[in-house]
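Here are my notes for you, written as a set of short points. Keep the viewer open while you read, and click on each residue as it comes up.

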Amino acid sequence: VHIVESGGGLVQPGGSLRLSCVASGFTFSRYSMSWHRQTPGKEREQVASITWDGSITDYADSVKGRFAISRDDAKNTVYLQMNSLGREDTAVYYCQGRDSFSAARVYWGQGTQVTVSS
């Protein structure tokens, strides 16, 4: 099983980034996918999720209206479009896959750093 995030980097306040998460080694279409973020000394928080069939998305209040999660099952990829970024969005962003039919199967990527700074 591999989950690989990409697309992080340095961006100015007010800017945008699109994160990608490519999965392999499991049946992607069975899995709900989510993005989480973590800063030093804080717990990891979920910022966005999408159900296995893409029918339902959910967002943390802190990113609602600015971030958008989507998935492309043909590419085994989930995206996080991040707009109007602020310094408070600086974090390591992690992608998670959770089997919608077996709660025991949960996979994480290694994370990608997003830094919002002028």
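The points below go from the overall fold down to single residues.

1. Before anything else, a reminder: what you are looking at is a predicted model. Treat the numbers here as values computed from that model.

2. Let's get the big picture. How many helices and strands does the protein have? There are 0 helices and 11 strands. Reading from the N terminus on, the order of elements is simply β-β-β-β-β-β-β-β-β-β-β. The radius of gyration is 14 Å, close to the 13 Å that the globule rule gives for 118 residues, so the protein is as compact as a globular protein of that length. If you want a feel for the outline, the C-alpha trace spans about 40 × 25 × 25 Å along its principal axes.

3. Now for how the chain packs. Of the 118 residues, 40% are buried. Take the contacts with a sequence separation of 6 or more: 54% of them are between residues 24 or more positions apart. On the outside, the accessible surface comes to about 6,100 Å², and carbon and sulfur atoms account for 47% of it.

4. Next, find the disulfide; the structure holds 1. Which two cysteines does it join? They are Cys21 and Cys95, with an S to S distance of 2.1 Å. Cys21 sits in strand S3 (residues 17–24) and Cys95 in strand S9 (residues 91–99), so the bond ties together parts that are 74 residues apart in sequence. The link of Cys21 and Cys95 is left-handed, with -75° about the S-S bond. Buried or exposed? Cys21 is buried, at 0% relative accessibility, and Cys95 is buried at 0% too.

5. On to charged side chains. The count of salt bridges is 7, and I'll walk you through some of them. Start with Arg37 and Asp89, whose side chains meet at 2.9 Å, N to O. This pair links distant parts of the chain: Arg37 is in strand S4 (residues 31–38), while Asp89 is in the loop between strand S8 (77–82) and S9, 52 residues apart. You might guess that charged residues sit on the surface, so check these two. Arg37 has 5% relative accessibility, which is under 20%, so Arg37 counts as buried. Asp89 is buried as well, at 0%.

6. Stay on Asp89, since its side chain also meets that of Arg66 in a salt bridge (2.8 Å, N to O). Here too the pair links distant parts of the chain, with Arg66 in the loop between strand S6 (57–59) and strand S7 (67–72), Asp89 in the loop between S8 and S9, and their positions 23 residues apart. Arg66 is buried, with a relative accessible area of 17%. Which residues form the network of salt bridges here? Arg37, Glu45, Arg66 and Asp89 are linked in it.

7. For contrast, have a look at Asp61 and Lys64. Their side chains meet in a salt bridge at 3.1 Å, N to O. Asp61 is exposed, with a relative accessible area of 68%. Lys64 counts as partly exposed, at 48% relative accessibility.

8. Another residue to click on is His36, found in strand S4. With 7% relative accessibility, His36 counts as buried. The side chain of His36 has a polar contact of 2.8 Å with the side chain of Ser34. Leaving aside residues up to four places away in sequence, His36 touches a set of residues that includes Arg44, Glu45, Tyr93, Tyr94 and Trp108. You have already met Glu45, as a member of the salt-bridge network.

9. Last, a look at the backbone. Most residues other than glycine have a negative phi. Which way does phi go at Asn76? It is positive, about 50°, although Asn76 is not a glycine. Asn76 lies in the loop between S7 and S8 and is partly exposed, at 25% relative accessibility. Ser84 has a positive phi of about 50° as well, and is not a glycine either. You'll find Ser84 in the loop between S8 and S9, where it is partly exposed, with a relative accessible area of 46%.

Terms used: Residues are numbered from 1 along each chain as its sequence is written. This is a predicted model: local features need pLDDT of at least 70, side-chain atom pairs count only at pLDDT 80 or more; totals for chains, interfaces and linings use all residues. Side-chain values use heavy atoms; hydrogens and water are left out. A disulfide is a pair of cysteine sulfur atoms within 2.5 Å. Helices (H or I, at least four residues) and strands (E, at least two) are DSSP runs, numbered from the N terminus. Buried means under 20% relative accessible area, exposed over 50%, partly exposed in between (1.4 Å probe, protein chains only). A salt bridge is a side-chain nitrogen of Lys or Arg within 4 Å of a carboxyl oxygen of Asp or Glu. The radius of gyration is taken over C-alpha atoms; the globule rule is 2.2 Å times the number of residues to the power 0.38. Contact means heavy atoms within 4.5 Å. Accessible areas come from the Shrake-Rupley method with a 1.4 Å probe; for residues, only the protein chains shown count as cover. A polar contact is a pair of N or O atoms within 3.5 Å; within protein, one must be able to donate a hydrogen and the other to accept it, and residues adjacent in sequence count only if both atoms are side-chain atoms.
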